[in-house]
Amino acid sequence: MDPYSTHLPILKNIIDNTDIKSVFEFGSGLHSTQLFAENCDDVITCDIDEEWYNTISDKFKDYKNVSPILHKDHEWGSKTPESIAYLKQLNRRFDLIFIDCGDAPTRPHCVNAASKFTDLIIAHDTDAPAVIGYNWHLVELKEPEWRRTDYKDVVPWTTVWERM
């Protein structure tokens, strides 16, 4: 399986079996954004790479339900990157927030911020160790308020947090 799409079976299963209408995506993706575009009413997808943003914007230009957002003044590893500030500025709930952004050290902060705006968070690459920048130990979502499920059948892993 393509390591850039190991999250797709989990995302597809959740979309097929729940009522996901609105999605906020930290890190645009060919696979994930396509799945959301085809199945959800409102998709906001943020990215920090201008070239990738242009690719995504062009690919989804005819989709009225997809809003690509570029945050090019991104500070690598920031606890409060532009995309988190943007999510807070929107100040609305989403059915799903998906995290697969290029800035690995920022991902746990995205998870923590997302918990204020959704009851369902999915993150990709959750098996990646802290030594390469993925500081998953900084995620603050704990039981009993949140249930964490790690999907380890394929690498990289995908993790789902559900508010109980």
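Is E162 buried, partly exposed or exposed? E162 counts as partly exposed, at 27% relative accessibility. That value lies between the 20% limit for buried and the 50% limit for exposed. This model is predicted. The protein chain has five helices and seven strands. Buried residues make up 51% of its 164 residues.

**Overall fold**

- Along the sequence, the elements of the protein chain run α-β-α-β-α-β-α-β-α-β-β-β.
- The radius of gyration is 14 Å, which agrees with the value near 15 Å for a compact globule of 164 residues.
- The C-alpha trace spans about 40 × 35 × 35 Å along its principal axes.
- Take contacts between residues at least 6 apart in sequence: 61% of them join residues at least 24 apart.
- The accessible surface is about 8400 Å². Carbon and sulfur atoms account for 49% of that surface.

**Helix α1 and its cover**

- Helix α1 covers residues 8-17. Its residues I10, L11, I14 and I15 are buried.
- Viewed down the helix axis, the buried residues of α1 fall within an arc of 125°, so they line one face of the helix.
- The cover over these buried residues includes helix α2 (30-39).
- Strands also contribute to that cover, among them β4 (96-99), β5 (120-124), β6 (146-151) and β7 (158-163).

**Aromatic pairs**

- The count of aromatic pairs is seven.
- F24 and F26 form one edge-to-face pair, with 5.0 Å between the centres and 65° between the planes.
- F24 and F94 also pair edge-to-face, at 5.5 Å centre to centre and 65° between the planes.
- The F24–F94 pair links distant parts of the chain, 70 residues apart. F24 sits in strand β1 (residues 22-26), while F94 sits in the loop between α4 (82-90) and β4.
- F24 has 0% relative accessibility and counts as buried. F26 is buried too, at 1%. F94 is buried as well, with a relative accessible area of 3%.
- One aromatic cluster takes in F24, F26, Y86 and F94.

**Salt bridges**

- Side chains of opposite charge can pair when their charged atoms come close.
- The whole structure contains eleven salt bridges.
- E162 and R147 meet through their side chains in a salt bridge of 2.8 Å, N to O. E162 lies in strand β7 and R147 in strand β6, so the pair ties together parts that are 15 residues apart in sequence.
- R147 is partly exposed, with a relative accessible area of 36%. Its partner E162 is partly exposed at 27%.
- Shared partners join R93, D119, E145 and R163 into one network of salt bridges.
- R107 and D100 form a salt bridge at 3.2 Å, N to O. Both of these residues are buried.
- K21 and D19 form a salt bridge at 3.1 Å, N to O. K21 is partly exposed, with a relative accessible area of 38%. D19 is exposed, with a relative accessible area of 55%. D19 counts as exposed because its value is over the 50% limit.

Terms used: Residues are numbered from 1 along each chain as its sequence is written. This is a predicted model: local features need pLDDT of at least 70, side-chain atom pairs count only at pLDDT 80 or more; totals for chains, interfaces and linings use all residues. Side-chain values use heavy atoms; hydrogens and water are left out. Buried means under 20% relative accessible area, exposed over 50%, partly exposed in between (1.4 Å probe, protein chains only). Helices (H or I, at least four residues) and strands (E, at least two) are DSSP runs, numbered from the N terminus. The arc is that of the directions from the helix axis to the C-beta atoms. Contact means heavy atoms within 4.5 Å. Rings of Phe, Tyr and Trp (its six-membered ring) pair if their centres lie within 6.5 Å; planes under 30 degrees apart count as stacked, over 60 as edge-to-face and the rest as tilted. The radius of gyration is taken over C-alpha atoms; the globule rule is 2.2 Å times the number of residues to the power 0.38. Accessible areas come from the Shrake-Rupley method with a 1.4 Å probe; for residues, only the protein chains shown count as cover. A salt bridge is a side-chain nitrogen of Lys or Arg within 4 Å of a carboxyl oxygen of Asp or Glu.
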